[in-house]
Amino acid sequence: MSRNAERRNFRLILVIAEKPSVAQTIAAVLGAKEKKDGFITGNDYIVSWCVGHLVQLSEAAAYGEQYRKWSYDSLPILPQEWQYTVAADKGKQFKVLKELMHRGDVSEVVNACDAGREGELIFRYIYEKAGCKKPFDRLWISSMTDEAIQEGFRAIRSGSDYDGLYRSAQCRSQADWLVGMNASRAFTLRYDALLSVGRVQTPTLAILVKRRKEIEDFKPEEYATVTADFGDYRGMYFREGLEPDTHIPKIDDAKALAAQIKNQSATVISAETTRRRDLPPQLYDLTSLQRDANRLLGFTADKTLKLAQSLYETHKALTYPRTDSRYLPPDMIPRVVQTMKVLPESYQALVPGALPDGKLPVSKRTIDETKVTDHHAILPTPKRINLDSLPEDERQLYDMVCLLYTSDAA
């Protein structure tokens, strides 16, 4: 009997999303319409949500009273068995989830948190803190369209298939705790000032401080360049030994050189013609999207992420944005072609060039399954989007993705 066939024998399936908005979308697709306090139910499903990190690693004092006071004698703090605490402001929703997990008519749980390392961690910490022992599956989707959600449920996998991803997330979480808890206390005691030290924040801060110091210590040096106009070509004087080779340190030397060659004839020593083929740009991952949005639109990295997240969750116009891959697996080719054909009218003039002969040119620069991580590159979804319905900033970001999408395939 198939796994999906077995489901029909279950009484209720509990689906847990990461945010209320995502839960509402999933519930609508599953046919769950009855709203309750903290969940939605119907059609043999209960859909609820986490509201982010409901459960987190406990503070040091949870491991013993000796850790309540900061002292050298208590360092390092190395928990033998990790403990978990429900976030103070999220206790009500945790209680809802725990009660749902332990309901007698709930036979199975589905982890529908964001399909990534942190989404995996959020669900697992709640699952463990609630003491749930029921089997759970993993919904893994890269788009919030109805079709993508339906396809995700058809291809749902056992939660144990993602144990490695959870261990990776758990390792990151525990490393942050160990470095932050121990180093912050040690430095605070050493310098008699409250200092926050973190696994990521401290080396990042060190990079910024180093760069700031380089800028402050920079001493400008004057230089001159000599340029000759040959009509259809402008040439710049260079000489080996200069650093860089076009910068003349003394203005008087540059003036003397200019006077020496002024109105003189030039001789072409050699000429080279090189045929070059420019490859189309790669698709966007989150970092490259943030970089281009800052350069072209002036958006901060945080603003770009929030806009992309809204386009993913609210408008279902983009695929999952928190990806570090700029590639697609081969099985995405039919979906790319389908998406091209339903892009807004303003992009349709680009489609014939992107799909010569109605087919997508396949190149390792874009299609490479070995370079796809948790998620593929950021793409428009095959949902018909009314550009006028998008807020201006979101429309501009969507435009960036669509223009790159159609040029990349060309």
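This text walks through a strand trio, the salt bridges and the aromatic pairs of the structure.

The model is predicted: local features need pLDDT of at least 70, side-chain atom pairs count only at pLDDT 80 or more, and totals for chains, interfaces and linings use all residues. Residues are numbered from 1 along each chain as its sequence is written, and side-chain values use heavy atoms, with hydrogens and water left out.

Start at strand β7, residues 106–112. Helices (H or I, at least four residues) and strands (E, at least two) are DSSP runs, numbered from the N terminus. Of the 7 residues in β7, 6 are buried. Buried means under 20% relative accessible area, exposed means over 50%, and partly exposed lies in between (1.4 Å probe, protein chains only).

Strand β7 has parallel partners. Strand β1, residues 12–17, pairs with β7 over 6 bridges. Two strands count as paired if DSSP finds at least two bridges between them. Ile13 has Glu108 of β7 as its bridge partner. Strand β8, residues 136–138, also runs parallel to β7, over 3 bridges. There, Asn111 is matched with Arg138 of β8. Between β7 and β8 the chain passes through helix α4, residues 117–129, and this β-α-β crossover is right-handed. Right-handed means that, with the strands pointing away from the viewer, the path from the first strand over the helix to the second runs clockwise.

Now turn to charge. Side chains of opposite charge can pair when their charged atoms come close. The structure holds 26 salt bridges. Each is a side-chain nitrogen of Lys or Arg within 4 Å of a carboxyl oxygen of Asp or Glu.

One of them joins Lys19 and Glu18, at 3.9 Å from N to O. Lys19 is partly exposed at 23%, whereas Glu18 is buried at 11%. Another joins Arg117 and Glu118, at 4.0 Å. Arg117 is partly exposed at 34%, and Glu118 is partly exposed at 28%. These two belong to a salt-bridge network with Arg172, Asp176 and Arg199.

Helix α13, residues 392–409, offers a further example. Its Glu392 and Arg395 meet in a salt bridge at 3.1 Å, N to O. Why does about one helical turn separate Glu392 and Arg395? Because they are 3 residues apart in the helix. Glu392 is partly exposed at 46%, and Arg395 is partly exposed at 27%.

Last come the rings. The structure holds 12 aromatic pairs. Rings of Phe, Tyr and Trp (its six-membered ring) pair if their centres lie within 6.5 Å; planes under 30 degrees apart are stacked, over 60 edge-to-face, and the rest tilted. Tyr63 and Trp177 have ring centres 5.8 Å apart and planes at 75 degrees, so this pair is edge-to-face. The pair links distant parts of the chain, 114 residues apart: Tyr63 sits in the loop between β5 and β6, Trp177 in helix α6. Tyr63 is buried at 17%, and Trp177 is buried at 8%. Ring pairs join Tyr63, Trp82 and Trp177 into a cluster.

Which helix holds Tyr398, the partner of Tyr347? Tyr398 lies in helix α13, and Tyr347 lies 51 residues away, in the loop between α11 and α12. Their centres are 6.4 Å apart with planes at 75 degrees, so the pair is edge-to-face. Tyr347 is buried at 2%, and Tyr398 is buried at 0%.
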